[in-house]
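Visitor: I'd like a close look at one part of this model, namely the pockets and what sits around them. Could you walk me through that?

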Amino acid sequence: MSDRSPERVPYVLHFEARTVVLGEPAHLEELDVLLRGAGAETRPTYWHGMRAQDPGAVVNSVGTDLARASFWDRVDAGVFASARWPVDLDGPLYLPAPPAWLQRARAWEYDPVAPALGAAGPGGWLRVPGWAGTENNDAGASVGLLQLTDPETFWVLGSDADLMEVAELGKDLARFRLGFDRLTAYFGPDDRIGCLRLPVICREPLEDELIAHGVDVEPRFWE
């Protein structure tokens, strides 16, 4: 991994008939407005357990009861609802589209039977297309260290290339760091790694190593 400029784009996570989006607060606020403008009910959450009306509250996720296809349909509907149309026939007409950061969002869907290679059991996050069927799998964006399903483990989400390099780094760390021998990779039907899973004890040493390698890391833990 080489030094690179960070590119912070959202993590869109689909689970059964729900979608949760993690990302920059300004992006999440804009997404919340788009979804509600399309008639979708949303459930924003805020850092440190705060509520929307609390002074200094900062949004850290936006959730909604929409499956993958319905979620992106509502995004498009919200974009059209908020579009500014020309006031006369001679005015320029631009096709409404989501903001660039949302077009570049990376998406995963939880597969409860995704095959696992490692100490943990099956069931993991597999990459799926985002807006307009775009996969957004380029290396160079941030690598997410996300505590999503339980307090004892966390997931590593990133591009195919980044996940391969993190897996190799984890193997090296397993020689002298506790917990890395339990690193587990989850594979989709095309045999690509969708995500990695590690015990939470591995968080700080992995984060330190990634930063030392010039990787932009997005840690999101239950703190």
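Which residues lie nearest the centre of the largest pocket, and how many residues line it?

Guide: Happy to, and keep in mind that this is a predicted model. Nearest the centre of the largest pocket you'll find V20, L22, S61, L148 and W222, and the lining has 22 residues. Four elements each give two or more residues to that lining: β1 (11–15), β2 (18–22), β3 (42–46) and β4 (59–64). If you sort the lining by class, you get 11 nonpolar, eight polar and three charged residues. As for the space itself, the volume comes out at about 560 Å³.

Now for the second largest pocket, which holds about 190 Å³ of space. Its lining is made up of 13 residues, and L117, A167, K171, L183 and A185 are the closest to the centre. The elements that give two or more residues here are α4 (160–173) and β10 (184–187). Of the elements, α4 gives the most, with five residues. The class split for this lining is nine nonpolar, one polar and three charged.

Since α4 has turned up, let's stay with that helix for a moment. At 1.5 Å a residue, its 14 residues should span 20 Å, and the end C-alpha atoms are 20 Å apart, so the two figures agree. The buried residues of α4 are D162, L163, V166, A167, L169, G170 and L173. Look down the helix axis and those buried residues fall within an arc of 165 degrees, so they line one face of α4. A bit of helix geometry helps here: with 3.6 residues a turn, residues three or four places apart point the same way. As for what that buried set packs against, the partners are β8 (143–146), β9 (153–157), β11 (193–199) and α5 (203–212). A167 ties the two views together, being among the residues closest to the centre of the second largest pocket and also one of the buried residues of α4.

Two loops are worth a glance while you're here. Most residues other than glycine have a negative phi. D191, though not a glycine, has a positive phi of about 65 degrees. You'll find D191 in the loop between β10 and β11, and β10 is one of the elements that give residues to the second largest pocket. At 63% relative accessibility, D191 is over the 50% cut-off, so it counts as exposed. N136 also has a positive phi, near 50 degrees, and this residue sits in the loop between β7 (124–128) and β8. That brings us back to α4, as β8 is among the elements its buried residues pack against.

Note on methods: Residues numbered from 1 in each chain as written. Predicted model: local features only at pLDDT ≥ 70, side-chain atom pairs only at ≥ 80, totals over all residues. Heavy atoms only, no water. 1 Å grid on protein atoms, 1.4 Å probe; cavity = no way out; pocket = protein on both sides within 12 Å on 5 of 7 lines; lining within 4 Å. Points joined across faces, edges and corners; volume = space filled by probe spheres on them. Nonpolar A, V, L, I, M, F, W, Y, C, P; charged D, E, K, R; others polar. Expected span 1.5 Å × (residues − 1). Buried < 20%, exposed > 50% of the residue type's maximum accessible area, 1.4 Å probe, protein only. Arc of directions from axis to C-beta. Contact = heavy atoms within 4.5 Å.
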